[in-house]
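What open and enclosed spaces does this protein hold, and how do two of its helices pack together? The report below takes these topics in turn.

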Amino acid sequence: MTPFAEAVRQLRERKGVTQKQMATAIGVSPAYLSALEHGKRGKPSFDLLQRIAGYFNIIWDEAEELFFLAGSSDPKVVIDTVGLPPQYTAFANRLARDIRKLPPSVIEELSAVLQKSRSCD
C-alpha cells in the first residue's frame, strides 16, 4: 500500500462509504479504485485528485497533503542516474533489488539521512 492509498482509505472509512459508492461518486470503476487503494496503480491525474478532494470536502491543507502523498506514491519508481558516478547507479540498483528485505527501522534511518542531506543544501 502506498501513502496515498492509505490516506484515501482512511478518508473513505471516516466518511463511512464503500469503495463502490466512492468510485461511482468520483466517476471511476470500483476495480480502479481498489487497485489505487492497494498501491497497484500509479499516480492519479490532477483531475482525479481534485474529484477525490471535492468528494471528501476536505480543507485546502488536507487537500495539499493528499496531493503531495499522491506525488510520492508511485509504486514503480525510476531513478535516473545518467551522468552520475558509477557508485550512484550501483547503489540505486542495489536499493531496488533489496528494498523489500529492509526492516522499517532501516527505512527510517535512510529517511533521516536523506532529510539531513536536504538541510545541508
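The largest pocket has a volume of about 1500 Å³, where a pocket is an open set of points on a 1 Å grid that has protein on both sides within 12 Å along at least five of seven lines, and lining residues have an atom within 4 Å of a point. Of its 29 lining residues, Val77, Ile79, Leu95, Ile99 and Ile107 are the closest to the centre. The helix α6 (86–98) gives the most to this lining, with seven residues, and α7 (104–119) supplies at least two.

This is a predicted model, in which local features need pLDDT of at least 70 and side-chain atom pairs count only at pLDDT 80 or more, while totals for chains, interfaces and linings use all residues. Residues are numbered from 1 along each chain as its sequence is written, and side-chain values use heavy atoms, with hydrogens and water left out.

A search of the whole structure finds one cavity of 30 Å³ or more, a cavity being a set of points where a 1.4 Å probe fits but cannot get out. Among the residues that line the largest cavity are Thr2, Phe4, Arg41 and Lys43.

| Lining | Nonpolar | Polar | Charged |
|---|---|---|---|
| Largest pocket | 16 residues | ten residues | three residues |
| Largest cavity | four residues | three residues | two residues |

The axes of α1 (residues 3–15) and α4 (residues 46–56) come within 11 Å and cross at roughly 30 degrees, which makes α1 roughly parallel to α4 (angles under 35 degrees count as such). In their contact (heavy atoms within 4.5 Å), Phe4, Val8, Leu11, Arg12 and Lys15 of α1 meet Leu49, Ile52, Tyr55 and Phe56 of α4.

Notes:
Points joined across faces, edges and corners; volume = space filled by probe spheres on them. Helix = DSSP H or I, 4+ residues; strand = E, 2+ residues; numbered from the N terminus. Nonpolar A, V, L, I, M, F, W, Y, C, P; charged D, E, K, R; others polar. Axes fitted to C-alpha atoms, helices over the stretch in contact; angles between N-to-C directions. Parallel < 35°, antiparallel > 145°, perpendicular 65-115°, else oblique.
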